[in-house]
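Got your viewer open? Load the model, switch to cartoon, and follow along stop by stop.

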Amino acid sequence: MGYKICRIPGDDAGHDVMKAAMIVMDALNLDIEWIDADAGWCMWEAKGNTVPPETWKALESTDACFFGAITSKPGVKGFKSAILQIRQRLDLYANMRPSKSIPSVPMNYRDDLDMVVFRENTEGLYSAVEARPMPKELIGILPNLERFADEDDVAISCRVFSRKGCERIIRSAFEFTDREGRKKITGVHKANVIRQTDGMFLEIFRKVAKEYPNIETNEENVDATAMWLIKNPQSYDVLVTTNMFGDIISDEASQLVGGLGFGASANLGKNYGVFEPNHGSAPKYAGMFKLNPTAQILAGRLMLQWLGENEAADKIWNAVEKLYADPKTPKTYDCKGTANSMEVAEAIAKLL
Ligand code: IPM
Ligand code: MG
């Protein structure tokens, strides 16, 4: 059966890694029709809109999206991150970010890591409920804001959680753990301080956990997780957490297996998925083909898995493992090599 995939390279070196990853995707000879579209800073400059209407159309008329990397610049009035808009409007509430060691990758902390972060993807601090100046009425409604009454410049960013939002990400993590025969889930929160939002998240985590007596559960404050990920990373299996905590600990988890050149993610909703590397668009390397394309290639693998093309997905993983196992194959600078993104992708394609 053929697929229609929306392809969005994004900005800067997003184009480089996308071009490289396409060598691998094309070598798999799958029946895919690619629909090209643009999003990101490039569209902000060209059209004043990071996700223009024709891009929404491309997203809405395809089975999935293969996404490169974008630039999100702070301090630009009216600017909205393309990927955040896409996650919210398409309701891609689960961001799944696996970190599995590939033996012989330099900077690997250990060879036996295999963890998956489930990050809530539509709520929390990234839902753009913000104001500057903070509306004065809030001072009266929320008594703990009284001390700001005399301030002339107060900014506020709200962390909004819904029961439904918490429940669906927690359920996705448990369903995945159960389906994959994994053993343990760690719920990551800060409910001892952020008592309302994280308190609700933790309460729902405990409730859903009761339905899965065979899965070992563990609760941790996020600061402790940040430390334990370095001290004892092999003790983690699946982690489930809220939007910003997931953003942070998934970068940490990527570094444990070799850096952002190895971190890929699936943004999943009910019927659609957007697959991307966790890294940004590295503007200073734009067009230089310097970045490690492995994260983008592994994003392709996650997409194929989600489409049910497991054989092709496994071929990618095996080829990537083979590439890194062999000291003579080309590697990018992050792996102490001198090859460019295209050479690494070509070598992976040969090993498929
Ligand atoms: C990520 C990125 C994005 C995020 C940025 C680009 C908006 O850091 O996917 O982890 O914060 O979610
Ligand atoms: Mg991030």
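Here is a walk from the whole chain down to single residues.

**The whole chain**

Keep in mind as you go that this is a predicted model. Start with everything in view, coloured by secondary structure: the protein chain comes to 12 helices and 12 strands. The radius of gyration is 21 Å, close to the 20 Å that the globule rule gives for 352 residues, so the chain is as compact as a globular protein of that length. Turn it along its principal axes and the C-alpha atoms fill a box of roughly 65 × 50 × 40 Å.

Now think about contacts. Among those with a separation of 6 or more, 75% are between residues 24 or more positions apart. As for burial, 54% of the 352 residues count as buried.

Switch on the surface. The accessible area comes to about 16200 Å², and 51% of that belongs to carbon and sulfur atoms. Colour by charge next: there are 42 positive and 49 negative side chains, and the centres of the two sets lie 1 Å apart.

**Rings around helix α6**

Hide the surface and show the aromatic side chains. How many aromatic pairs does a search of the whole structure find? There are 9. Select Phe 118 and Phe 176, a tilted pair with 5.1 Å centre to centre and 55° between the planes. Trace the backbone from each ring and you'll see that the pair links distant parts of the chain: Phe 118 belongs to strand β5 (residues 114-120), Phe 176 to helix α6 (residues 163-179), with their positions 58 residues apart. Both of these phenylalanines are buried.

Stay on α6 and add Phe 174 and Tyr 212. Here the ring centres are 5.2 Å apart and the planes are at 25°, so this pair is stacked; the cut-off for stacking is planes under 30 degrees apart. This is another link between distant parts of the chain, with Phe 174 in helix α6 and Tyr 212 in the loop between α7 (197-209) and β9 (216-221), 38 residues apart. Are the two partners buried or exposed? Phe 174 is buried, at 0% relative accessible area. Tyr 212 also counts as buried, at 14%.

Before leaving the aromatics, select Trp 41, Trp 44 and Phe 79, which form one cluster.

**The helix at 341-350**

Next, select helix α12, residues 341-350. It is mostly covered, with 7 of its 10 residues buried. To see them, show side chains for Ser 341, Met 342, Val 344, Ala 345, Ala 347, Ile 348 and Ala 349. What covers these buried residues? Bring up α1 (13-27), α10 (294-307) and α11 (310-325), which are included in the cover.

**Loops worth a zoom**

Begin with Asn 29, in the loop between α1 and β2 (32-36). Check the backbone: phi is near 55°, a positive value in a residue other than glycine. Asn 29 counts as exposed, at 69% relative accessibility.

Ala 128 has a positive phi too, about 65°, although it is not a glycine. Look for Ala 128 in the loop between β5 and β6. This alanine is exposed, with a relative accessible area of 58%.

From Ala 128, draw a distance to Val 160: the two are 32 residues apart in sequence and 9.7 Å apart in space, C-alpha to C-alpha. Val 160 is in the loop between β7 (156-157) and α6. With a relative accessible area of 42%, Val 160 is partly exposed. Which residues does Val 160 touch, leaving aside those up to four places away in sequence? Select Glu 123, Gly 124 and Val 129 to see them.

For the last stop, zoom in on the peptide bond between Arg 132 and Pro 133. That bond is cis, with omega about 5°. Pro 133 is found in the loop between β6 (130-131) and α5 (137-141), and this proline is exposed, with a relative accessible area of 56%. Finish with one more distance, from Pro 133 to Asp 153: they are 20 residues apart in sequence and 5.9 Å apart in space, C-alpha to C-alpha.

Conventions
Residues numbered from 1 in each chain as written. Chains lettered and ligands numbered in written order. Predicted model: local features only at pLDDT ≥ 70, side-chain atom pairs only at ≥ 80, totals over all residues. Heavy atoms only, no water. Helix = DSSP H or I, 4+ residues; strand = E, 2+ residues; numbered from the N terminus. Rg over C-alpha atoms; globule rule 2.2 N^0.38 Å. Buried < 20%, exposed > 50% of the residue type's maximum accessible area, 1.4 Å probe, protein only. Contact = heavy atoms within 4.5 Å. Areas by Shrake-Rupley, 256 points an atom, 1.4 Å probe, with all protein chains shown as cover. Lys, Arg positive; Asp, Glu negative; His and termini not counted. Charge placed at Lys NZ, Arg CZ, Asp CG, Glu CD. Phe/Tyr/Trp six-rings, centres within 6.5 Å; stacked < 30°, edge-to-face > 60°.
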